[in-house]
Amino acid sequence: MLQDLTGLDPQTIPLDDAETMSLFTSNKALKLKSDIGTTVGTYGIPEFGTKFVRQMLLDTTPTTFAELVRISGLSHGTDVWLNNAQDYIKEGMTTLSEAICTRDDIMVYLMHRGVEAKIAFDTMESVRKGKGLTPVMDTAMRQAHVPDWYINSCKNITYMFPKAHAAAYVGAALRIAYYKVHMPLAVYAAYFSVRGEEMDAFDALQGIDHIKKILEDFKHKKDATARDEKQRVHLQLAMEMLARGYEFLPPDIQISHATMYLIEDGKLRMPLMAVAGLGENAANSVVEARKDGPFVTIEDVNERTKLNNTNIARLKEVGAFGDMWDTAQLSLF
């Protein structure tokens, strides 16, 4: 979808663009006009937008593709970062470039230390499956003068991610990050169109302060649902977009797409489905009805579409009817 919006082939995007790489340590390249509560610019970037991974970025400050691959390995493993590499890095026992991040790291490191290739491979396989170390593996590592922290790290790991998968994820993330820096509206349009099913037009149109209030309320919500989490993620990205100086245009009964966000005069036109409670079938019924001509009144909309009274009320709430009259009837009294 991004290629359609920008005309730029993702395969031609450079993976060493300085501004793009800076998003993983700073949000300066986004040129924000107000604070959004995070100092990295990875909202909406696959694998790097969650609170967990954003904290990893703050802890490790990566500046290269290779370091991002290591972070991807850490974030996709189990018991690889928390209570493991994170602690060893904080205590100064190792660095991001030396910590165990992907399963491949173990075999390569042990062979470099002089451990027999078969033992190095078996150790990697045992650790990445969460089976720890056998006495033979432990002995071989100690004879090769492998540090205690490294041996203990192996024993704590439950699952490890392959380096090739991590590299593929990072490549995709960097390409989207490039679009985000250099063609931002295309990224926001694509993201919200594909993943913004829980976006509420009313909230997005109220501005940054309103969104910040909702996000603050989410922090204190003890019984948050999966839907709440999706809304939180969408609103974070909406807040960022607004902070960069871009605007949402309200859903418009005459021109909005049923499900897709459209770039219009340097702004983002919201789809009909962004209205709370308005499902895809109802939204599509509006688009189909428009093929027979524009709507004249709200009564006309009601008669020609599958919208119910609640849908109509919520469309009114976000200004989707503009200055359209309720009916075509005139009263002389």
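**Exercise 1. Helix 4 and its neighbours**

Which helices do the buried residues of helix 4 pack against?

*Solution.* Start with the ground rules. The model is predicted: local features need pLDDT of at least 70, side-chain atom pairs count only at pLDDT 80 or more, and totals for chains, interfaces and linings use all residues. Residues are numbered from 1 along each chain as its sequence is written, and side-chain values use heavy atoms, with hydrogens and water left out.

Step 1. Fix the terms. Helices are DSSP runs (H or I, at least four residues), numbered from the N terminus. Buried means under 20% relative accessible area, exposed over 50%, and partly exposed in between, with a 1.4 Å probe and protein chains only. Contact means heavy atoms within 4.5 Å.

Step 2. List the buried residues. In helix 4 they are Leu68, Val69, Arg70, Ile71, Ser72, Gly73, Leu74 and Ser75.

Step 3. Read off the partners. These buried residues pack against helix 2 (18–22), helix 3 (51–60), helix 5 (81–90), helix 6 (103–112) and helix 10 (163–182).

**Exercise 2. A length check**

Compare the expected span of helix 4 with the distance between its end C-alpha atoms.

*Solution.* Step 1. The expected span is 1.5 Å times one less than the number of residues.

Step 2. Helix 4 covers residues 65–76, twelve residues, so it should span 16 Å. Its end C-alpha atoms are 17 Å apart, which agrees.

**Exercise 3. Aromatic pairs**

Classify the pair Phe24 and Phe48, then the pair Tyr191 and Phe192.

*Solution.* Step 1. A pair of aromatic rings is described by the distance of the centres and the angle of the planes. Rings of Phe, Tyr and Trp (its six-membered ring) pair if their centres lie within 6.5 Å; planes under 30 degrees apart count as stacked, over 60 as edge-to-face and the rest as tilted.

Step 2. By this rule the count comes to eight aromatic pairs. Phe24 and Phe48 sit 5.1 Å centre to centre with 80 degrees between the planes, an edge-to-face pair. Both residues lie in the loop between helix 2 and helix 3, so the pair ties together parts that are 24 residues apart in sequence. Phe24 and Phe48 are both buried.

Step 3. Tyr191 and Phe192 have ring centres 5.7 Å apart and planes at 90 degrees, so this pair is edge-to-face. Tyr191 is buried at a relative accessible area of 10%. Phe192 is buried at 1%.

Step 4. Add the cluster: ring pairs link Tyr88, Tyr109, Trp149 and Tyr150.

**Exercise 4. Two pockets**

Describe the largest pocket and the second largest pocket by volume and lining.

*Solution.* Step 1. On a 1 Å grid over the protein atoms alone, a pocket is an open set of points with protein on both sides within 12 Å along at least five of seven lines; lining residues have an atom within 4 Å of a point. A volume is the space filled by probe spheres set on the points, which are joined across faces, edges and corners.

Step 2. The largest pocket has a volume of about 580 Å³. Its lining has 23 residues, of which Tyr43, Arg54, Lys219, Arg232 and Gln236 lie nearest its centre. Helix 3, helix 13 (208–219) and helix 14 (226–243) each give two or more residues to this lining.

Step 3. The second largest pocket holds about 350 Å³. Its lining has 19 residues, with Gly49, Thr50, Tyr191, Arg195 and Val233 nearest its centre. Helix 14 gives the most to this lining, with seven residues.

Conventions: On a 1 Å grid over the protein atoms alone, a cavity is a set of points where a 1.4 Å probe fits but cannot get out, and a pocket is an open set with protein on both sides within 12 Å along at least five of seven lines; lining residues have an atom within 4 Å of a point.
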